[in-house]
Amino acid sequence: MLSRRLIFLLPVGIFAIVAVYFAVGLTKDPHRLPSVLINTPVEEFQLPPIKGRPNEGRVWGLESLDFRGEVALLNVFGSWCIACKIEHPFLMSLKQSGDVPIHGIDWREPDADAGPRWLKREGDPYTLVGDDPESRGAIAFGVTGAPETFVVDKQGIIRYKHIGPLDPDVWADTIYPLIQDLRGQ
Amino acid sequence: MIRLLIVALILVTGTTGHAVEPEEMLDDPMLEKRARDISAELRCLVCQNQSIDDSDAQLAKDLRVLVRDRLTRGESDEEVMSYIVSRYGDFVLLKPPFNASTYVLWIGPVVIAGIGLFVMIMTFRRQSASARPSENNPIPLSATEQNRLNMLLKSENSSNP
């Protein structure tokens, strides 16, 4: 009977469908979490300045209010972070071209000198930098690893999150067009 | 036997570890217990199969401290959890929430088990139906009955002209 055939094929069919889902799932990296903070305002936070970096008489190194008024990038980095070293030359070239201000969160440095020393050695592409030894700044942005880079608009709303080192392709294809878009608004 | 059970019990309970360091712990035992309970339900985003209570990752430690800070400031368990979910999404909860997007996850296995049970019952009923005696499925004759039948048929054959 045809219906008997069908009943036997049903478990095979279900298995095939489930297998496809699992196969696709295996290609995804669970550490690349989509951000739930896209299109939400930057949470209120204040981070002290890092040692030895001129701060123009400001109290804080980097705070949430700093994201109001212009489109900016936020880059989460650390002297311990190897991938950050990979993207750093590109950040330096962005600083040279002056396309967009880049603010930095110096995340989880083992001591007060580690961050400043690293910036002196690798170069300092940042406009403002906040010292974040306890991850309060990182948690405010939902950061799970470094490097991560965020695009924040003039109202202080997070518009995009990039996980991993920033490279010229992502910049040209996605980030720079977004920045221009946000500036036009 | 009893000794085996006791050893098994010790092994099972002895393996539940935690990464909370003594200096993290709050003075108030009630608050500390709440912090531990909340931490046990939050996923460590670095070592993703551990809770932040178990994980040695630095971000886990910072989140543990954050949980304790917020509890000390008087927030409720729900407020603390919902803050962390607001930063990281539902993925940070080790127990997936029960809402529209997770119905399939929660109810799926029950439904599939139900279908399996249904198919099993139908199959057994069909099998036992085919075993029940009826016109198309007569009970086979016993040896004695078969002998009598043979003799009757033989005598019938021989007596007919």
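The following paragraphs describe the cysteines of this predicted model and then the interface between chain A and chain B.

Over all chains the structure holds one disulfide, and that link joins Cys81(A) to Cys84(A), with an S to S distance of 2.2 Å. The link of Cys81(A) and Cys84(A) is right-handed, with 90° about the S-S bond. Both partners lie out of reach of the probe for the greater part: Cys81(A) is buried at a relative accessible area of 5%, and Cys84(A) counts as buried at 1%.

In chain B, the sulfur of Cys44(B) has its closest cysteine sulfur in Cys47(B), but the 4.4 Å between them is too far for a bond, because a disulfide requires the two sulfur atoms to be within 2.5 Å. Cys47(B) is accordingly in no disulfide. As to their surroundings, Cys44(B) is buried, with 1% relative accessibility, whereas Cys47(B) is partly exposed, with a relative accessible area of 31%.

Turning to the interface, 19 residues of chain A are in contact with 18 residues of chain B, and the area buried between the two chains is about 1700 Å², of which carbon and sulfur atoms give 53%. On the side of chain A, Arg108(A), Arg136(A) and Ile139(A) lose the most area to chain B, together 33% of what that side buries.

Three salt bridges are counted between chain A and chain B, including one in which the side chains of Arg136(A) and Asp69(B) meet at 2.9 Å, N to O. Helix 4 of chain A, residues 136-140, gives the most to the side that touches chain B, with four residues, and by class that side has ten nonpolar, four polar and five charged residues.

Notes. Residues are numbered from 1 along each chain as its sequence is written. Chains are lettered from A and ligands numbered from 1 in the order in which they are written. This is a predicted model: local features need pLDDT of at least 70, side-chain atom pairs count only at pLDDT 80 or more; totals for chains, interfaces and linings use all residues. Side-chain values use heavy atoms; hydrogens and water are left out. Buried means under 20% relative accessible area, exposed over 50%, partly exposed in between (1.4 Å probe, protein chains only). Contact means heavy atoms within 4.5 Å. Buried area is the accessible area (1.4 Å probe) that two parts lose on being put together, summed over both. A salt bridge is a side-chain nitrogen of Lys or Arg within 4 Å of a carboxyl oxygen of Asp or Glu. Helices (H or I, at least four residues) and strands (E, at least two) are DSSP runs, numbered from the N terminus. Ala, Val, Leu, Ile, Met, Phe, Trp, Tyr, Cys and Pro count as nonpolar, Asp, Glu, Lys and Arg as charged, and the others, Gly among them, as polar.
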